[in-house]
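Hello,

Here is the structure I promised to pass on to you. Please open it beside this email and follow along as you read.

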Amino acid sequence: MTDSLSAVPPPPRRAPWWFRLLARLFDPWIRLRIEPAEKATALTVEERPVCFVLERYGLSNALILDRACRQLGLDSPLAAGGNDALGLPRAYIGLSRRRGRWFGRPRTRTHSESLARLLDRQRAQPDLDIQLVPVSIFVGRAPDRQSGWFSVLFSENWELVGRFRRFLSILLNGRHTLVRIATPVALRAAIAEDLPPERTVRKLSRVLRVHFARIRAAVIGPDLSHRRLLVDKVLATPTVRQAIADQARRENKPVEDAWRKAHAMAWEIAADYSHPVVRSLSFLLTPFWNRVYDGVEVHHLDRLKDVAPGHEVVYVPSHRSHMDYLLLSYLLYAHGIVPPHIVAGVNLNLPVIGTILRKGGAFYIRRSIRGSALYSAVLGEYVAMLVGEGFSLEYFVEGGRSRTGRLLQPQGGMLAMTVRGFLREPRRPVVFQPVYLGYEKLMEGKSYLDELSGRPKQKETLWAIVRGGYAALRENHGRVAVSFGEPIRLEDVLSQHAPDWKQRPLDGDERPRWMREAVEDLAVRIQVNVNGSANVNPVNLLALTVLSSPRRAMAEADLLDLLALYKRLLAAIPYSDRITVTRMEPAQIVEYGQAMGILQRTAHPLGDVLSMDEETAVLQTYYRNNVLHLFTAAAWVACCFQHNRRMRRDAVLQLGRALYPFLQGELFLPWTVDAYGRRVEATVDRFVEEGLLTFDAASGYLGRGPGQTDEVFRLRTIANSLQQAFERYFIAVSVLVKNGPRTLSVGELENLCQMTAQRLSLLYAHTAPEFFDKSLFRGFINRLRESGVVKTDANGKLDFDEQLEQWARDAKVILGRELQHTILKITPETARAAAADIPDAAAG
């Protein structure tokens with residue numbers, strides 16, 4: 001009985017009665033969110049003596065720390081006698097103490113006597129192993145629709161505030177208090193460095209101050225200078241001063257005129273970040289998101305929080321909608337991470353809206369800076385200053401919003417500026433954070449369709465934004481997914497392309513030869529990692545399945561089987577560890593599609609049929625393209641058996657490896673050719689397990705069933721998702737071969753390919769408007785040139801040999817004879833095409 005009683009842990013030690021009385025008065029005004037959960041949990045089982053460290057002494061901070069300890073079931077850090085092992089009257093210390101009158105301006109002084117006493121205690125008793133646990137406290141971080149406008153003025157920032165302002169901040173924002181617990185620091189390790197006692201105190205204090213500054217910068221952002229001061233700094237840099245002098249000399253005008261022009265450019269660019277405005281925007285956007293979307297899913301944010309402190313984070317999301325930058329900044333702020341400075345097109349610098357976005361962190365750049373050396377210098381120095389000062393940034397490497405649902409080929413302008421800024425002043429390591437944004441219904445869906453059909457892009461105006469926002473409030477846009485991909489450390493990329501970059505800092509606007517390759521590599525890595533964090537939602541699966549049927553209609557039983565098959569393929573052969581898939585079962589997906597207005601049900605005695613109308617089907621190609629890259633291996637294997645009953649297994653693998661570089665360039669796939677070959681092998685094995693294919697080990701042949709069996713139907717559906725890509729490849733090769741070597745330039749080939757695809761689309765009623773997108777043909781042609789299959793002669797004409805003709809013969813394996821004949825028949829020659837008026841359906 002005695003042993004049983006002795007095993008019961010003693011109750012937590014409590015604070016003095018007067019402090020508990022204050023805490024009872026204080027508790028109704030405070031609600032805590034303690035992060036990260038795993039570190040908080042670790043404290044509950046910590047057996048070594050613990051002393052908490054606060055950035056600043058203060059009664060409110062002590063009360064919040066005491067409340068956090070009570071929530072975790074720990075001893076109060078203000079318990080009478082403190083922790084006996086520490087030798088202090090309380091189990092917490094502060095790095096600084098503020099003294100001043102109640103309404104006066106506080107004075108701050110360093111306070112390290114308690115830290116020195118702790119170090120002395122550790123030296124005297126080496127077996128103690130005292131742990132310092134830094135705790136950061138932020139009052140007024142999380143947005144809430146019930147918050148008042150007045151509370152915005154008293155949210156957390158970098159300003160040194162007095163007791164009265166802190167008191168108001170607690171009253172107004174205390175229910176949104178964030179407590180961040182850091183990894184413990186062992187005093188034993190600090191003493192082991194064998195420094196003099198005073199130096200040990202100073203060094204440990206400096207390390208802790210740097211830690212608190214990094215956490216504060218990660219949570220509320222760097223300490224910002226006034227916009228006017230930032231502009232003056234940019235104009236005072238040697239690069240901009242030289243550009244001003246050159247501009248004055250070119251225009252034969254006074255330097256003052258060139259300076260005023262540069263000032264106007266810098267003023268047009270610079271952000272005017274305001275914490276109260278950001279807080280106000282969060283207040284406004286909360287009800288807007290709740291009205292427009294059914295919910296926002298956030299994936300892998302915890303991994304970002306592990307990376308962000310101590311790094312400059314550059315967010316590089318996919319660009320689907322104007323909602324992207326608002327949504328990402330809102331989510332970061334809501335989860336305790338500072339919103340980034342966002343690169344926005346100058347077309348969004350509208351009256352009222354432009355000012356609000358600028359104060360929310362947006363800075364505006366022109367769509368093209370070619371031909372303006374002065375603007376390029378000003379923008380480059382502004383970006384370099386942001387990078388040097390450690391501001392987080394956000395920009396879209398695609399340059400514009402994707403109108404097809406695919407990732408666009410990346411543009412390297414902002415990446416190059418970021419890299420140059422870091423190389424000039426590598427103060428903090430830079431990490432690029434890819435972000436995948438997935439929608440179930442885009443606000444701009446119909447306008448994208450109009451643009452792909454050849455209509456000009458509508459100009460952004462204040463009235464258009466207001467009208468679009470009002471229309472959005474009246475529709476159901478489903479759910480949104482925001483998924484954070486694998487981060488890319490800039491230093492790793494630089495070390496691969498220039499191992500000695502640390503010994504060669506850049507001067508001014510210097511551009512070393514390896515820079516272009518490094519930026520291009522970085523851009524592709526970003527797109528690959530965006531795709532590697534895709535979220536597969538119910539709309540993606542429905543689009544992928546129904547659009548592959550001949551008439552955009554499918555029996556309910558077949559649809560349910562295919563949805564289940566796609567989910568099994570994703571689970572059996574994972575694309576990456578950051579891919580997320582809807583948890584809905586197939587029947588729930590179908591029901592959800594009907595509720596969203598995507599599917600139409602037609603009742604029938606032999607079984608209901610689910611279909612999409614023509615307009616919906618065209619719009620759904622966007623959501624199919626979002627996840628097309630996840631099924632490349634499966635679609636390739638299925639394509640091989642569209643028009644072939646039997647194929648050798650090694651032929652399926654060999655042809656897949658030959659085609660892979662072109663798919664990789666179009667869909668930003670992550671594997672090497674060998675790794676893709678292994679993925680095809682795994683897919684073949686899975687198809688055999690599913691009964692879609694059979695394999696005769698003796699002969700090495702794979703085979704499919706005859707006629708219109710269920711297995712053949714599923715293979716055809718899977719294959720159709722990539723069929724049009726292979727048709728585009730065959731069109732390009734056919735046009736080249738038919739016109740002969742050294743006949744067409746790159747531009748001429750693009751135009752002829754587009755015209756052929758448009759003609760084929762009319763004949764076969766393709767629903768995908770990107771089928772004749774000139775940029776997709778351009779990417780394929782570039783890959784042909786990079787692989788050496790096609791070369792450019794001295795006259796700019798494309799030359800090739802029998803290798804291309806062999807490639808064309810191999811491609812016929814996966815195309816039906818009728819389609820082959822049609823493509824060859826309608827493929828134009830240069831002489832006939834020269835007189836034709838070739839419309840540019842991809843314009844805009």
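Below is what turned up, taken one region at a time.

Please keep in mind that this is a predicted model.

**A covered strand**

A good place to begin is strand S6, which covers residues 131-139. How many of its residues are buried? The count is 9 of 9, so to speak a strand that is mostly covered. If you look at one side of S6, you will find Gln131, Val133, Val135, Ile137 and Val139, and on the other side Leu132, Pro134, Ser136 and Phe138; both faces are covered.

Next, look at the strands that pair with S6. In general, strands of a sheet pair through backbone hydrogen bonds, either parallel or antiparallel. Strand S2 (residues 50-54) pairs with S6 in the parallel sense, over 5 bridges. One pair to find on screen is Phe52 with its bridge partner in S6, Val133. Strand S7 (residues 177-181) also has 5 bridges to S6, but in the antiparallel sense. Here Ile137 has Val179 of S7 as its bridge partner. Strand S8 (residues 185-186) is antiparallel to S6 as well, with 2 bridges, and Leu132 stands opposite Val185 in S8.

**A sheet of three strands**

Now move along the chain to an open sheet of 3 strands, whose order is S18-S21-S20 and whose pairing is antiparallel. Which strands stand at the edges? They are S18 (553-555) and S20 (600-602); each has a single partner strand, so one side of each has no neighbour in the sheet. From one strand to the next, the twist averages 25°. S18 is joined to S21 (residues 609-611) by 3 bridges, and Met554 stands opposite Leu610 in S21.

**A buried glutamate**

Helix H17 (residues 373-389) holds Glu381. Is Glu381 buried or exposed? Its relative accessibility is 5%, and buried means under 20%, so Glu381 counts as buried. Leaving aside residues up to four places away in sequence, Glu381 touches Val234, Thr237, Thr239, Val240 and Arg424.

**Empty spaces inside**

Rolling a probe the size of a water molecule over the atoms shows where empty space is left. Searching the whole structure gives 11 cavities of 30 Å³ or more.

The largest cavity holds about 230 Å³ of space. Its lining is made of 17 residues, and those nearest the centre are Leu281, Leu326, Ser329, Ile342 and Gly360. Which elements each supply at least two residues of this lining? They are helix H13 (275-292), helix H15 (323-334), strand S11 (341-345) and helix H16 (353-359). H15 gives the largest share, with 5 residues. By class, the lining of the largest cavity has 13 nonpolar residues, 4 polar and no charged.

The second largest cavity has about 130 Å³ of space. It is lined by 17 residues, and Ala217, Ala218, His311, Val338 and Ser392 are the closest to its centre. Helix H9 (197-220) and strand S10 (312-317) are the elements that give two or more residues to this lining. Here the classes are 10 nonpolar, 4 polar and 3 charged residues.

Happy exploring, and do write back with any questions!

Best wishes

Note on methods:
Residues are numbered from 1 along each chain as its sequence is written. This is a predicted model: local features need pLDDT of at least 70, side-chain atom pairs count only at pLDDT 80 or more; totals for chains, interfaces and linings use all residues. Side-chain values use heavy atoms; hydrogens and water are left out. Two strands pair if DSSP finds at least two bridges between them. Helices (H or I, at least four residues) and strands (E, at least two) are DSSP runs, numbered from the N terminus. Axes are lines fitted to C-alpha atoms, for helices over the stretch in contact, and angles run from 0 to 180 degrees between N-to-C directions. Buried means under 20% relative accessible area, exposed over 50%, partly exposed in between (1.4 Å probe, protein chains only). Contact means heavy atoms within 4.5 Å. On a 1 Å grid over the protein atoms alone, a cavity is a set of points where a 1.4 Å probe fits but cannot get out, and a pocket is an open set with protein on both sides within 12 Å along at least five of seven lines; lining residues have an atom within 4 Å of a point. Grid points are joined across faces, edges and corners, and a volume is the space filled by probe spheres set on the points. Ala, Val, Leu, Ile, Met, Phe, Trp, Tyr, Cys and Pro count as nonpolar, Asp, Glu, Lys and Arg as charged, and the others, Gly among them, as polar.
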